[in-house]
Amino acid sequence: MRDLGTGFGYLVKGQRWVARNGRQYGFGLLPGLITLVLYIGVLVCLAIWGDDLVTWATPFADDWSSPWNGLFRGFLTVVLFALALLLAVLTFTAVTLVVGQPFYEALSERVDRSVSPDGTTPTSDLPLPREMWISARDSVRVLVRATLWGVLLFALGFLPVLGQTVVPVVGFFVTGFFLTQELTAVALQRRGVGLRERLALLRARRSLAWGFGAPLAAVFTVPLVSVFLMPGAVAGATLLARDLLGEETAPEGTAPEGTVPEGAVPDGAAGKAPEPTGPGGVDGAGGPVPPVGAPHGRPQGNSPYGQGS
């Protein structure tokens, strides 16, 4: 059960990361806003013409006496709109990730770099069109599973008592699992982890996925809120992906031990003259003498993925 709290912690850490990196947050909002406008347009059209669509689909009810035909078609219209809302919640993240692939890929890489002990980040060698195709293909596969679950839970919602109590809770956990899968795909796909492997990793730690995704599923029922939380959700999912793979994570912005960030001046070095390079200050090859016990040669990074860009 501890993983539930850990998963929620990654969600909070992701929101804090984008709050401290305002520029990345602004870029991360664009895909969600584009997707939100598209979804609102579809839902508005359904609200306006949904009754006509139901009437066209139920010609057998034309001869029913009033008010039964009106009640029947009114009920189907409400069901249709409710199902559309449910599918919108289930698919919003996947569609937003496809639309915002370049934005979220760059955001995830920066999160990786900021918490990597050696300052590196895994990078994909695939061209962007290929990455977008893989992301869209995997999203469709996940959406098929999520839609089947959504239809089942929607039908179970009509059960007395259970449909109004247990089923909604189960629905948030199911939706949360698929949200976590979609969001972690940004970081895991960059590491070459395929869809089946991603699902296996999350199934092995369902509590972690639920702790991250279930609260997100609850707030994502409000479309406008989901837009503003999306960048932080991607950042938090990157941290969660590192946990799934057992990668070491350092506090954000911590430089690797014994290194100085590019362009920075070491503490105490400002205003100091260069160290002498006379006979006592060079080794036999003419270079500076390393500290006692330090290995010769260039230190090697410990990232299994190589140096990032």
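Is Arg203 buried, partly exposed or exposed, and why? With a relative accessibility of 42%, Arg203 counts as partly exposed, given that buried means under 20% relative accessible area, exposed means over 50%, and partly exposed covers what lies in between (1.4 Å probe, protein chains only).

1. Basis of the note. The model is a predicted one, in which local features need pLDDT of at least 70 and side-chain atom pairs count only at pLDDT 80 or more, while totals for chains, interfaces and linings use all residues. Residues are numbered from 1 along each chain as its sequence is written, and side-chain values use heavy atoms, with hydrogens and water left out.

2. Setting of Arg203. This residue is found in helix α7, which covers residues 195-204; helices here are DSSP runs of H or I with at least four residues, as strands are runs of E with at least two, numbered from the N terminus. The C-alpha atom of Arg203 is separated by 8.9 Å from that of Phe177, the two residues being 26 apart along the chain.

3. The main core. Taking a nonpolar core as a set of buried Ala, Val, Leu, Ile, Met, Phe, Trp, Tyr and Cys residues joined through side-chain atoms within 4.5 Å, the largest has 36 residues, and those with the most contacts inside it are Leu97, Tyr104, Leu183, Phe212, Leu216 and Leu240. At least two residues of this core are supplied by each of α1 (2-20), α4 (101-115), α5, α6, α7, α8 (206-219) and α9 (223-244), and α9 gives the most, with 8 residues. Apart from this core lies another, of 6 residues, among them Leu36, Tyr39, Phe92 and Val227.

4. Phe212 within that core. When neighbours within four places in sequence are left aside, Phe212 is in contact (heavy atoms within 4.5 Å) with Gly7, Phe8, Tyr10, Leu11, Thr180, Leu183, Ala233, Gly236, Ala237 and Leu240.

5. Buried charges between α9 and α4. A salt bridge is taken as a side-chain nitrogen of Lys or Arg within 4 Å of a carboxyl oxygen of Asp or Glu, and by this rule the count comes to 12. One of them joins Arg242 to Asp112, with the closest N and O atoms 2.8 Å apart; this pair links distant parts of the chain, since Arg242 is in helix α9 and Asp112 in helix α4, 130 residues apart. Both Arg242 and Asp112 are buried, and they belong to a network of salt bridges that also includes Glu105, Arg190, Arg191 and Glu247.

6. Asp138 and its two partners. Asp138, buried because its relative accessible area is 5%, forms a salt bridge with Arg198, whose closest N and O atoms are 3.1 Å apart. That pair links distant parts of the chain, with Arg198 in helix α7 and Asp138 in helix α5, 60 residues apart, and Arg198 counts as buried because its relative accessibility is 1%. Asp138 also forms a salt bridge with Arg141, at 3.9 Å between the closest N and O atoms; these two are separated by about one helical turn because they are 3 residues apart in helix α5. Arg141 is partly exposed, its relative accessible area being 42%.

7. A nonpolar patch on the surface. Trp149, Leu152, Leu156, Leu159, Leu162, Val166 and Val170 make a nonpolar surface patch of about 570 Å². Helices α5 (128-156) and α6 (166-190) each supply at least two of its residues, and the largest share, 3 residues, comes from α5. Leu152 lies in helix α5 and, at 44% relative accessibility, counts as partly exposed. Patches are made of residues with over 30% relative accessible area and no salt bridge, like charges being joined within 9 Å and nonpolar side chains (Val, Leu, Ile, Met, Phe, Trp, Tyr) within 5 Å; accessible areas come from the Shrake-Rupley method with a 1.4 Å probe, and for residues only the protein chains shown count as cover.
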